[in-house]
Amino acid sequence: MNNAEEKPAALSNATFVRPEKFYISGFSNVPHAQYFYAFLCFVYIMTIIGNGLLLLVIYLDKTLHTPKYMIVFSLALIDLCWSTALIPKVLDTFLSDNRYIVYEACLSYMFFVLLFSSVQSWILIIMAYDRFIAICFPLRYHSIVTKRTIAAMLLCVWVFFLSLRVCVVGLLDRLSFCGSVVIQSFFCDHGPTYRLACNDNSINSIISKSTIGIIICLPIILIALTYICIAIALRRIASGKERVKAFKTCISHLILVAIFFLPLLSTNIIVQISSISTNTRIINSTLTHTIPPLLNPIIYALRTEEVLNAIRKLCKPIRFAT
């Protein structure tokens, strides 16, 4: 890339520079990178099919119209939105070599990708809350965990993260990009973007670190505390069979938590404590953003008895018709 490609094209005055476009770098000197993007295309297709089918099953089977499956439905919907906000644009950027992106489009792209990933982290907390009430207060479960309660919790999560992400992305507008406009990532990621600024970006850095705490650290702590309470409640159950049966209802959720948080946490820790190559960081970040939405519906379809029963019930008329 020549120097002209690294300079912004538009400026408002002598001290403040706003680029007309950013340039998304992607991989650097990686042979056969197109195979990785073909893999992402496969991931996206399977994510759409898996989450679409899960949404359809929950919608069609009235036995799944419960507070618990309101949360599962929301998770599948977020997975669809998250993948759709990210992967098609990534494929267009690198397979069609459209690496330049207009400034406003870049901020919009960033906003939606970060919004959906943030909402997902707190939907997993709501799932943990559901399991906590079901196991620790089984007799009061249906009076505590109602459709209205879950709807209110989901609405609060959406409103909070909409406000937070508007603030995070909006603060980029105060930055001056007088040097390089090359974003060292696979999409308009927040960190690599604000670090390009020439003026003081300390507020952006503080907000970024605080957001990591809200999206990764706080949910992990809350979910861990929830499962400590669940473990204490399970120890009070006299029957070993009942204990195992109760714990089995948590396995799907624990797998979802591990798939979502462990890659995010490890990637952020590695970036903070050591220097890794841009290519390695991009691969880690790409898989962190794309694999959880692919696996979530598979885990729920294969490990949850209610969903399996609903699928069998819905498949019966098709079998008889043939």
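Select Tyr23 and Tyr100: in this predicted model, Tyr100 of β2 is the bridge partner of Tyr23. These two residues are a convenient way into the sheet.

**The sheet**

Extend the selection to residues 21-24 and 100-102, which are strands β1 and β2. The two strands run antiparallel and are joined by 3 bridges. Now add residues 182-183, strand β3. β3 runs parallel to β1, with 2 bridges between them. Pick Ile24 to find the residue facing it in β3, Ile183.

With the 3 strands shown together, the order across the open sheet reads β2-β1-β3, and the pairing is mixed. β2 and β3 are the edge strands; each has a single partner strand, so one side of each has no neighbour in the sheet.

Keep the strands displayed and select residues 103-136, helix α4. α4 lies across β1, β2 and β3, and runs at about 90° to β2.

**Helix α6**

Select residues 147-170 next. This is α6, a helix of 24 residues. From first C-alpha to last, α6 reaches 34 Å, close to the 34 Å expected at 1.5 Å a residue.

Which residues of α6 are buried? Show side chains for Ile150, Leu154, Val157, Phe161, Leu164, Arg165, Val168 and Val169. Note that the buried set includes Arg165. To see what covers these residues, display α3 (67-95), α4 (103-136), α7 (190-194) and α8 (202-235), which are among the covering elements.

**α6 against α8**

Hide everything except α6 and α8. Their axes come within 11 Å and cross at roughly 160°. Angles over 145 degrees count as roughly antiparallel, and α6 and α8 are therefore roughly antiparallel to each other. The crossing of α6 past α8 is left-handed. On the α6 side, the contact is made by Phe160, Phe161, Leu164, Arg165 and Val168. On the α8 side, select Ile207, Thr211, Ile214 and Ile215. Phe161, Leu164, Arg165 and Val168 were also in the buried selection made earlier.

**His190**

Finish at His190, which is in helix α7. Is this residue buried or exposed? Its relative accessibility is 5%, and buried means under 20%, so His190 counts as buried. To display its surroundings, leave out neighbours within four places in sequence and select Met110, Leu114, Val168, Leu172, Asn204 and Ser208, with which His190 is in contact. Val168 of α6 thus appears here as a contact of His190, having already appeared in the contact with α8.

Notes: Residues numbered from 1 in each chain as written. Predicted model: local features only at pLDDT ≥ 70, side-chain atom pairs only at ≥ 80, totals over all residues. Heavy atoms only, no water. Helix = DSSP H or I, 4+ residues; strand = E, 2+ residues; numbered from the N terminus. Expected span 1.5 Å × (residues − 1). Buried < 20%, exposed > 50% of the residue type's maximum accessible area, 1.4 Å probe, protein only. Contact = heavy atoms within 4.5 Å. Pairing = 2+ DSSP bridges. Axes fitted to C-alpha atoms, helices over the stretch in contact; angles between N-to-C directions. Parallel < 35°, antiparallel > 145°, perpendicular 65-115°, else oblique. Left-handed = near helix turned anticlockwise from the far one by under 90°.
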